Amino acid sequence: MISMMIWKARARAAIAGALLCAAPLAVSAQAPSEDPFGGAVTATDVSGQVKRPAGRRADVDAIQSRYRKILAAWAEGQTARAAVDLMALETSVVTDEDPTTRKQLLKAEQAVIHEVGAANLETLVPIAMLHHETYRRYLAEGARGHAVVLGHARAMTRDLAILYREQSGSEGAALVSSRILTSLGGMLQQAAQQLPAADMFQLAAEMDPRNTAALLGLATVFEKNARYEAAVDALRHLIAADPEHAEGKLRLAVNLHRLGQIQEATTLLQGLTTAPADDWVAALAAQELAGLQREKGNLDGARKVLEAALERFPNDPRFYVQLAAVLDRAGQTRSAQDLMEKVLTVQPAPETAARFLYNTIRDETFQAARRFLDENAQSRLSVLAQALDTPNKASVAVGVAG
Amino acid sequence: MKRLRVSLGLLALSLLATGAARAAVSAQIVSPTADMPIFGKTEVKVAVSATEAVTRVEVFVNGKLVGTATQAPWTVTFEAGDQNVKREIKAVVHAASGATATHSVVTAPVQIDDQLDLRLQQLFVTVTRGQARTLDLGENDFRVYDNGKAQQLITFGRGELPLTAVLLLDTSESMQGERIQAARRGATTFLNGLKDVDEASVVLFSDRLLRATPFVFDKKVLLRALGETEATGGTAVNDFLYMSLKMLEPRVGRRVVILLSDGSDVHSVVPMSEVLWKARTGQAMIYWIQLDESKHRSYVSSWRSVEENDVEYKTLVKAVEESGGRIEKISAIGELEGAFQAILQELREQYVLGYYPSEMKKDGRWHEVKVDVQRSGVRARTRDGYLDF
C-alpha cells in the first residue's frame, strides 16, 4: 500500500516549494538545487535574479511573450486556439533528444505565472486548466516523439493545482485543486499510467477527503494492481463520504470477497441486488453474489440469486450461462440445457456489458469533477484577463473540452 | 451426470421377413447393417436362398425403387445422398414361379432417446506419422485402454461421420480491421466445407454475446450470421466456451468447438475451471485457433491478477488438449483461412472408436484413456479421458 506517510511528506515538500514562489525575493538565495516539484513552477526567476547564459535571454523573452499571448487568448475564451498555440510553442522549444530544453520553457512560463499569480492568486486556476487541456490534447494525439513535453504539461497542471491550494489555504481552493488532480488522475488512468494516476488521486483525496471520484479512482488502481487491502481502505473512505455510493459498495464487496471477508461482502451484495442501483451495478452484484454462494457450495442459493436476476435482466445471456453452470453442478443438466435453448432466442442487449464497465475507466467517474472545474475556471477568466491587462471576452467553457 | 443417449434405431436391426414362409425362397440384406449411418454411394448386398430360379432382386429405399439385380451376386448400388434421415431399405426377391420374399433394414438418423442409456465412449483419434496423417488403419490396429484396462471396440469408423460444430468467434476490439475480415473468410471456408449432413452454429462474442444461431444444416443461415459485425468490447472466452460446450451436450456423434481468439479472457463470470469440468464431462473436442502471434502475454484486469489470469490461460490450454482437440497457432493473419481448412480436413480424417467402458461407477472420477496403434512410427491423439458421471 502506498503509505499515507509518504504522501504527507510529499505534500509537505509541495508546500515548501509553493512558499518559495510566494516570496521569491526572500528565499531565492536559499532555493534548493533540486526542485521539490520535479522542476515545474517552483524554481523561481520572477525576481530576475537568476542568472542565465547571455545568449539565451532573447529566447526566453520570446517564449514569455508567446505564452502571455496564449494566456490572453485563453482568458478570452478561445479554448482551442490557446491550447493549440501552447502545444505549438512547447513542442517548438522542447525536444525528446535534449530534455534540458524543458528548463528553458519552464523558466519562461514560470516568469509569466509568477507575474500574474502575484497580481491575483485566482489566476492560477484558469492557467492550470489551460495546461490540463493541453495535456488532454497531447494524450488524444498520441504525443509521439514528445514524451518530455507531455510530462511537462502534466507537471505544470499538477504543480499549479498544489500551488493554488497551498497559497490560498482556503477550503474552496482545496476543493478546486483536488478536482484538478482528480481529473488529471483520470486521464492518466485512461492512458494506462496506473501509478502516476494513483499519485494524483491520493493527493486529491488528501486535499478533499470527501472527493469520491478520487477515492474511487484510487481504489480501482489498487484493485488492478492486486493490492486489495489498499483498495478496501480507499473504498471504506469512499463509503464513509457517500454511504449510498453503489459502485463503491460493489467494489468494496468484490475486494472483501477476495480477502476472504465473505460475510460483509455477502451483506453488501445482497443490499445492491435489492436496492435501486444502476443496472450494471445491480447485474454485477447478482453475478458476484451467485459466484460467492457457488463457492460456498450453496448451489441452491446461487440458483435463487440468478433466477431473480433473470427476471430483471431477461436479455442478458451471461445470466443464462452462469445459471446453467450452477444447475449443471447441481445435476440438473436438463434444466441447464433448457437455458441454452432459451439463450439462443434472446435478443442480446446492445448496451455495454456490466463486467466490461467494471474493468473500464469511465468518463462518468470524473464528469462531476470536470464540470466543477469548468465552472470555477470560467468564473476566473476575467481575473486572468485583468492580470494580463487583457479585455475579458470569455464565452466558452474551458478546461475540459471534449 | 453425463450419459450418451443413443437411438434405438441405430442399434437395432429390424428383421422383417415377410412372405418367405409360403415360398421356398428367402432373402436377407447383408449390407448395409443398421448400426451405421448411410450416406453417399451405398451398396446393398442381398443373400438369396431359393429352391427354384430367381429372376430378379429389387431394392427399394423408403418405398422407391432404386435398382434391380437380375443375377448373382445380388447387389444393387444407389446414391443415398447426404441427408441424416431415417431410411427403410427393402429387398424383394422374385422367383420364377411368382413367389416373393422380402427383407427390410431400417436405419435412423442420430437422435436423442431417453429410454436407452448407453454410456458408449466415443474417441475421435487423429493418427499421424510425422506431419502426415495415417489413413489406412483398420479396427485391429487400435488398442484402447480405459484406466489401464484394455477395452473391446464396439464401433469403428473413419472420417465421414456427421459433424456438429460450434464456430465460436471472438469479435472483441482486438479483432478490429484485417483480423475480423480474415476471421470471416476463414469461417466461411470452414462452413462451405461442411457437408449437408453436418450441422453447425455460429456464435460471435466479445465481452458479451453478439450473435448466435441454433444448430442448422443450412449454410446460408450460418454464412449470414458471419455478416458485418463491429469488433468491439472486451473478451469473455470462458462464458461462451462453456455455452458452446453446453449447446453441444445433447448432440451425439462428432462434436467440436472451433474457437478463434487470442484467449485472453478478461470479462467472464464463469471460471475456466468450470469450462474444463464441462469439457471433461462431455465428449466435444475443442480446437483453438490462437491469434496474437502465438504468444501468451500476462496481463492484469480489475477481475483477476496476473497470476490468476495465467492460471486461466493454462486451464484453457489444458481443456483443449484433454478434449482431443489442439491449438492451431497463427503467427500471421494470412494463415487463418488455412487453419480453418486444416482443422476441417483433420476432422474428416479422424478414426472413430466406440467402446463401453468395462468399469463405470458414476462416481465422478477421472478415467484416463489411452489409444495405442499397432504400427511403428505413428502417433495417435485423442481425448485424455473423461469424468465418470
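In which crossing, left-handed or right-handed, does α8(A) pass α19(A)? The crossing is left-handed, and the account below, which concerns a predicted model, begins with this pair of helices before turning to other parts of the two chains.

**The helix pair in chain A**

Helix α8 of chain A spans residues 171–190 and helix α19 of chain A spans residues 363–379, and their axes come within 9 Å of each other while crossing at roughly 130°. An angle over 145 degrees would count as roughly antiparallel and one from 65 to 115 as roughly perpendicular, and α8(A) and α19(A) are therefore oblique to each other. On the side of α8(A), the residues that meet the partner helix are A:Val176, A:Arg179, A:Ile180, A:Thr182, A:Ser183 and A:Gly186, while α19(A) contributes A:Thr365, A:Phe366, A:Ala369, A:Arg370, A:Phe372, A:Leu373 and A:Asn376. By character, the residues of this contact of α8(A) with α19(A) divide into six nonpolar, five polar and two charged.

**Helix α17 and its two sides**

In helix α17 of chain A, which covers residues 333–343, the buried residues are A:Thr333, A:Ala336, A:Leu339, A:Met340 and A:Val343. These residues cover an arc of only 110° around the axis, which puts them on the same side of α17(A). The face turned away from that buried side carries the exposed residues A:Arg334 and A:Glu341. Among the elements that cover the buried residues of α17(A) are α16 (317–329) of chain A and, from the other chain, α4 (237–248) of chain B.

**Where the chains meet**

Between the chains, 26 residues of chain A are in contact with 27 residues of chain B. The elements of chain A that give two or more residues to this side include those in the table, and α17(A) is also one of them.

| Element of chain A | Residues |
|---|---|
| α10 | 212–224 |
| α14 | 279–295 |
| α18 | 354–358 |

The largest share of the side of chain A that touches chain B, seven residues, comes from α16(A). Taken by character, the residues of that side divide into 13 nonpolar, eight polar and five charged.

**A residue of chain B**

B:Leu153 has its place in strand β12 of chain B, which runs over residues 153–158. With 15 C-beta neighbours inside 10 Å, B:Leu153 counts as partly exposed. Leaving aside its neighbours within four places in sequence, B:Leu153 is in contact with B:Glu139, B:Phe142, B:Val144, B:Leu353, B:Gly354 and B:Tyr355. The C-alpha atoms of B:Leu153 and B:Thr126, by contrast, are separated by 17 Å, although these two residues are 27 residues apart along the chain.

Notes:
Residues are numbered from 1 along each chain as its sequence is written. Chains are lettered from A and ligands numbered from 1 in the order in which they are written. This is a predicted model: local features need pLDDT of at least 70, side-chain atom pairs count only at pLDDT 80 or more; totals for chains, interfaces and linings use all residues. Axes are lines fitted to C-alpha atoms, for helices over the stretch in contact, and angles run from 0 to 180 degrees between N-to-C directions. Helices (H or I, at least four residues) and strands (E, at least two) are DSSP runs, numbered from the N terminus. Angles under 35 degrees count as roughly parallel, over 145 as roughly antiparallel, 65 to 115 as roughly perpendicular and the rest as oblique. A crossing is left-handed if the near helix is turned anticlockwise from the far one by less than a right angle, and right-handed if clockwise. Two residues are in contact if their C-beta atoms, placed from the backbone, lie within 7 Å. Ala, Val, Leu, Ile, Met, Phe, Trp, Tyr, Cys and Pro count as nonpolar, Asp, Glu, Lys and Arg as charged, and the others, Gly among them, as polar. A residue is buried if 20 or more other C-beta atoms lie within 10 Å of its own, exposed if 12 or fewer, and partly exposed in between; C-beta atoms are placed from the backbone. The arc is that of the directions from the helix axis to the C-beta atoms.
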